[in-house]
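Me: I am new to this structure and would like to learn how to read its main features. Where should one begin?

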Amino acid sequence: MRILITLLTSPAYLCSMIFELKQLAVFFEEESLQHLEQVYTQKDYSKVAILCDSNTHEHCLADFLADCPFLPGDQIEILELEPGEDTKSIEVLAQLWDAMGALALDRNSLVINLGGGVICDLGGFAASTFMRGIDFVNFPTSLLAMVDASVGSKTGINFGGYKNRIGLFADPLMVGIIPDFLQSLPADELASGWAEMLKHGLIADFNHYQDLIRRKPKSESLNKELIEHSVSLKAEVVKEDKQEGGRRKILNFGHSVGHALESYYHQAGMAISHGHAVALGMQVELALSATYAGLDSQEASSMIAALKQFYAFPKVEIEAEVFHQLLAGDKKNSGGQLRLVLLAEPGKAVYDVEVPAESIWSSLQDQQQ
Ligand SMILES: NC(=O)c1ccc[n+]([C@@H]2O[C@H](COP(=O)([O-])OP(=O)(O)OC[C@H]3O[C@@H](n4cnc5c(N)ncnc54)[C@H](O)[C@@H]3O)[C@@H](O)[C@H]2O)c1
């Protein structure tokens with residue numbers, strides 16, 4: 001077995017991290033391909049459908065197929081979708097179910113999601129609902145999907161103007177992370193994934209956050225160990241609370257405001273990446289953390305300033321009413337109360353904090369300036 005190297009060298013920590021990743025069946029590099037071969041040979045699959053978008057088809061598919069000589073060419077079907085968030089829709093999902101039927105996929109077929117978070121979310125949902133559920137695996141190709149979307153069993157689509165409205169928890173048989181895929185990822189998409197890594201640091205390991213901020217969101221400063229550490233922080237939380245009854249909610253730091261902004265800008269025709277929206281959401285929620293969760297206000301300001309270096313608000317006026325409506329649709333709210341994840345201290349998040357809508361709005365106004 002290959003030894004995984006992390007930034008944290010404590011053997012006990014190292015063992016627990018590897019254990020958590022293995023528990024969620026997350027494998028890296030060559031080991032992920034070996035594991036896929038095992039998955040494939042253990043069952044007599046009738047067909048293998050590889051789901052990608054046109055970018056991952058162009059940049060990742062040939063290398064992936066070359067690395068998987070055990071997948072017989074005559075069994076493989078390629079399903080290619082348009083790239084982008086609009087693909088995570090009920091219309092595309094219906095087309096995908098149709099295509100899966102037309103290709104005669106059956107309950108003995110395997111779906112390989114080869115793409116970013118959109119492909120992993122949509123492909124996982126399509127596979128786990130088609131014929132009451134068929135096997136799927138995730139091979140994420142964007143940084144965001146590697147450190148976040150591919151791990152943790154959340155699948156789904158956007159609906160009615162709301163992010164991830166429809167979906168279910170469904171486990172991929174495995175997740176294979178091959179950082180080489182990042183070589184073709186555009187810089188703004190790398191920054192998007194970087195934001196989710198920063199979030200993992202802010203909520204669970206402040207050293208990780210500081211390390212990332214020092215390095216800046218650039219491909220040269222990213223290595224397998226950083227990715228692995230970020231995934232393990234998520235894995236540790238998910239392992240404890242997969243269905244998000246409690247602690248898993250902390251992974252939504254920056255997302256209540258972030259999702260509302262993402263939907264808002266999307267509807268306004270000024271789409272920004274998911275991670276960028278989360279980074280803006282984190283700025284607003286850090287400011288609120290000083291008021292509602294006891295975070296030291298100077299520390300909050302310095303983290304906000306650090307995030308602002310890389311993630312700026314688009315110059316577009318936000319309509320209060322539309323923003324409030326989007327915020328109210330957030331899944332984390334309860335009984336009409338807006339509930340946020342906030343930081344009590346750097347590296348420690350608290351969840352279900354009730355915050356009045358007016359405070360969120362005024363914090364957003366402050367951060368936009
Ligand atoms: N399920 C979860 O737990 C979870 C967590 C976080 C985010 N998400 C979801 O993930 C989605 C965002 O994921 P994303 O940022 O990966 O978006 P994405 O899938 O749209 O990918 C971003 C862009 O990068 C391109 N791309 C991906 N890999 C590439 C590569 N190797 N080379 C060149 N281009 C490449 C894609 O074609 C796309 O244009 C959102 O829908 C979000 O809601 C889900």
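Reply: One may begin with the ligand; a residue is near a molecule if its C-beta atom, placed from the backbone, lies within 6 Å of it. Please note that this is a predicted model.

Me: How many residues surround the ligand, and which are the closest?

Reply: The ligand is surrounded by 32 residues, the closest being Asn55, Gly116, Gly117, Val118 and Ser142. Two or more residues of this shell come from each of helix H3 (54–59), helix H6 (117–129), helix H7 (143–149), strand S7 (162–169) and helix H8 (187–204). By class, the shell comprises 15 polar, nine nonpolar and eight charged residues.

Me: Into which domains is the protein chain divided?

Reply: The chain is divided into domain 1 (11–184) and domain 2 (187–368). Their centres, taken over C-alpha atoms, are separated by 25 Å. The contact takes 25 residues from domain 1 and 30 residues from domain 2. On the domain 1 side, H7 gives the most, with five residues. By class, that side has 15 nonpolar, six polar and four charged residues. The shell around the ligand also draws at least three residues from each domain.

Me: What should one look for in a nonpolar core?

Reply: In soluble globular proteins, nonpolar side chains tend to be buried together. Here the largest nonpolar core has 100 residues, and those with the most contacts inside it are Val26, Leu51, Ile112, Leu114 and Ala349. Helix H12 (residues 274–292) contributes the largest share of this core, nine residues.

Me: Which residues does Ala349 touch, not counting those up to four places away in sequence?

Reply: With that exclusion, Ala349 touches Ile203, Ile250, Phe253, Val341, Leu342 and Leu343.

Conventions:
Residues numbered from 1 in each chain as written. Predicted model: local features only at pLDDT ≥ 70, side-chain atom pairs only at ≥ 80, totals over all residues. Helix = DSSP H or I, 4+ residues; strand = E, 2+ residues; numbered from the N terminus. Nonpolar A, V, L, I, M, F, W, Y, C, P; charged D, E, K, R; others polar. Domains from an automatic or database assignment. Core = buried A, V, L, I, M, F, W, Y, C linked by C-beta atoms within 7 Å. Buried ≥ 20, exposed ≤ 12 C-beta atoms within 10 Å, placed from the backbone. Contact = placed C-beta atoms within 7 Å.
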